[in-house]
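This short report looks at a few parts of one protein model. Please keep the sequence and the structure in view while reading.

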Amino acid sequence: MAITEKPTSDIGKELWLQLFPWPKAESNKYTRGHAVVVGGPLETCGAAKLVGISALKIAAGLVTILAPDEDAKRNYIASGNVNALMWGTHAELHDYLSDQHVTSIVVGPGLGVGDFQRQLIDIIVDSNKPVLMDADALVKPHVSTHSIITPHEGEFARLFPDLTGSREDRALKAAEMTGSVVVLKGSKTIIASPDRRIFVNATATPWLATAGSGDVLSGMIGGLIASGMPYYEAAIAGVYVHSKAGMMAGPGLIADDLVQQISTVLRELSLDHQHHI
């Protein structure tokens with residue numbers, strides 16, 4: 001088991017930089033991956049939009065947001081001008097799950113909690129699509145080798161009430177139990193894999209403690225796995241970019257500021273990548 005607390009150092013980047021899904025000369029929007037975000041009611045649609053635009057910014061070639069119904073979809077579109085996003089409804093979920101061009105699903109942010117939502121989550125997990133589960137999707141543990149879960153400490157305690165030990169120990173145990181990569185968010189975010197790899201991010205700014213910050217992180221990781229990056233490395237890379245974007249945005253940041261900083265972080269990473277090839 002290896003633990004590092006310097007994810008923004010050159011040593012930390014060596015774990016994933018060469019696996020980052022940089023576009024190639026022959027790439028197009030279809031080859032870069034299609035992420036689908038399962039949204040909730042209008043009053044929480046901002047969460048799904050933050051997820052969607054973050055996934056596009058970091059890696060995915062296409063992102064579709066699924067609203068609960070046609071009325072909600074029209075209101076989603078009217079409530080904000082994000083022209084690069086595509087739109088659908090929950091009724092089309094089965095079509096997207098059976099579409100080989102859809103390469104990741106993000107579910108939970110702004111979704112809501114209830115029997116219908118739990119059924120949606122079960123259907124998504126059972127589809128074997130790569131999936132990131134956050135927020136309202138974290139209502140029960142799922143055993144899945146094709147997923148990433150991103151709980152904060154309270155959500156983690158609700159999911160795994162019987163786990164004891166240090167945060168690192170508990171994250172590793174949860175990863176082994178579920179088969180999923182676990183991103184245990186906090187001032188020191190922990191990324192743990194089922195094969196007992198572990199990474200600790202100790203450099204995040206406290207200004208990241210703001211509404212929508214976690215949605216941006218979910219979108220970035222979901223976009224990276226949509227583009228084919230391995231789950232564990234995608235989680236570390238997403239946490240890295242999230243932390244760097246937070247430090248660049250600085251005091252007073254809101255989630256929208258993080259989205260705007262993604263391109264700046266990617267420009268820096270691209271230069272590092274060129275130096276290593």
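Ser243 counts as buried because its relative accessibility is 1%, and the cut-off for buried is under 20%. The model is a predicted one. Ser243 sits in helix H9, which covers residues 231-249. Apart from neighbours within four places in sequence, the residues in contact with Ser243 are Asn201, Ala204 and Leu208.

A second helix to look at is H7, made up of the twelve residues 167-178. From its first C-alpha to its last, H7 reaches 16 Å, close to the 16 Å expected at 1.5 Å a residue. Its buried residues are Arg170, Ala171, Leu172, Ala174, Ala175 and Thr178. The table lists the elements that these buried residues pack against.

| Element packed against by H7 | Residues |
|---|---|
| Helix H6 | 153-159 |
| Strand E7 | 181-184 |
| Strand E8 | 189-192 |
| Strand E9 | 198-201 |

After H7 comes Gly179, which has a positive phi, near 80°.

Which residues line the largest cavity? They are Met133, Ala137, Leu138, Lys140, Pro141, His142, Ile149, Leu159 and Thr178. Thr178 is also one of the buried residues of H7. Sorted by class, the lining has six nonpolar residues, two polar residues and one charged residue. The volume of this cavity is about 50 Å³, and the structure holds one cavity of 30 Å³ or more.

Definitions and conventions. Residues numbered from 1 in each chain as written. Predicted model: local features only at pLDDT ≥ 70, side-chain atom pairs only at ≥ 80, totals over all residues. Heavy atoms only, no water. Helix = DSSP H or I, 4+ residues; strand = E, 2+ residues; numbered from the N terminus. Expected span 1.5 Å × (residues − 1). Buried < 20%, exposed > 50% of the residue type's maximum accessible area, 1.4 Å probe, protein only. Contact = heavy atoms within 4.5 Å. 1 Å grid on protein atoms, 1.4 Å probe; cavity = no way out; pocket = protein on both sides within 12 Å on 5 of 7 lines; lining within 4 Å. Points joined across faces, edges and corners; volume = space filled by probe spheres on them. Nonpolar A, V, L, I, M, F, W, Y, C, P; charged D, E, K, R; others polar.
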